[in-house]
Amino acid sequence: WDLAARWYPETETLTPTQAEHALAEQRSRALGVYLAKGRWLAHAGADDRPVPDRATLLSPFDRLIHDRDRTEALFDFRYRLEMYVPPAKREYGYYVLPLLVGDRIVGRAEPVVNRRTGQLRLQGAWGDTGRLDEALASLASFLGVELDLG
């Protein structure tokens with residue numbers, strides 16, 4: 001334990017209004033594209049380089065999709081995490097992940113890891129899954145497990 005003054009550098013003090021503006025600027029920069037007064041705007045510093053052509057599964061908490069309304073408006077992709085939905089009412093599955101290919105969300109998949117056997121298998125898939133194998137292989141590698149597609 002110690003005094004904060006010994007650890008944190010001196011900084012300027014912001015008024016509450018200045019702090020709100022700084023936070024709004026930080027948020028819009030982080031999102032790149034954001035809704036302001038009913039219009040979609042791109043932050044002036046947004047990166048407009050082409051998106052790499054790769055396939056990946058997104059975490060339900062990824063910044064690209066964490067705001068479900070924004071995801072639906074920008075990508076025409078409705079996503080809900082259904083783990084707390086009763087099984088009979090689930091539209092897709094328990095822990096379904098969006099499939100991002102390039103700059104489009106094209107499908108969804110429900111990969112399941114069996115830690116006892118060290119294998120990743122696919123429980124279900126929906127939408128355009130043409131490049132799903134690529135995303136599953138990457139996920140299996142990241143998790144340090146074998147991919148079982150059989």
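Two strands pair if DSSP finds at least two bridges between them, and helices (H or I, at least four residues) and strands (E, at least two) are DSSP runs numbered from the N terminus. Before you click anything: this is a predicted model, where local features need pLDDT of at least 70 and side-chain atom pairs count only at pLDDT 80 or more, while totals for chains, interfaces and linings use all residues. Residues are numbered from 1 along each chain as its sequence is written, and side-chain values use heavy atoms, with hydrogens and water left out.

**Stop 1: the strands**

Select residues 104–114, which make up strand β5, and then 119–127, which are strand β6; the two pair in the antiparallel sense over eight bridges. Pick P111 and look across to β6, where L122 stands opposite. Now go to the turn: the β5–β6 hairpin has four residues between the strands, and G118 there takes a positive phi near 70°.

Next, add strand β7, residues 146–148. β7 and β6 run parallel and are joined by three bridges. To find the register, select Q119, whose bridge partner in β7 is E146. Then show helix α3 (residues 132–143), since the chain passes through α3 on its way from β6 to β7, and this β-α-β crossover is right-handed. Right-handed here is a matter of view: with the strands pointing away from you, the path from the first strand over the helix to the second runs clockwise.

**Stop 2: the aromatic rings**

Switch on the side chains of Phe, Tyr and Trp. Rings of these residues (the six-membered ring for Trp) pair if their centres lie within 6.5 Å; planes under 30 degrees apart count as stacked, over 60 as edge-to-face, and the rest as tilted. How many aromatic pairs does the structure hold? There are two.

Start with F77 and Y79: the ring centres are 6.4 Å apart and the planes sit at 20°, so this pair is stacked. F77 is buried at 7% relative accessibility, and Y79 is buried too, at 1%. For these labels, buried means under 20% relative accessible area, exposed over 50%, and partly exposed in between (1.4 Å probe, protein chains only).

Move on to Y92 and W126, with centres 5.2 Å apart and planes at 75°, so this one is edge-to-face. Y92 belongs to the loop between α2 (68–75) and β4 (97–101) and W126 to strand β6, so the pair ties together parts that are 34 residues apart in sequence. Y92 is partly exposed at 28%, and W126 is partly exposed at 25%.

Keep Y92 on screen and add R108, which lies over the face of the Y92 ring, 4.0 Å from its centre. A charge sits over a ring if NZ of Lys or CZ of Arg is within 6 Å of the ring centre and within 35 degrees of the ring normal.

**Stop 3: the salt bridges**

A salt bridge is a side-chain nitrogen of Lys or Arg within 4 Å of a carboxyl oxygen of Asp or Glu. A search of the whole structure finds seven.

Select R29 and E25, whose closest N and O atoms are 3.6 Å apart. Both lie in helix α1 (residues 16–31), four residues apart, about one turn of the helix. R29 is partly exposed at 47%.

Then try E72 and R80, which meet in a salt bridge at 3.7 Å, N to O. Finish at E134 and R131, bridged at 3.0 Å, N to O. Add D53 to the selection: salt bridges that share partners join D53, R131 and E134 into one network.
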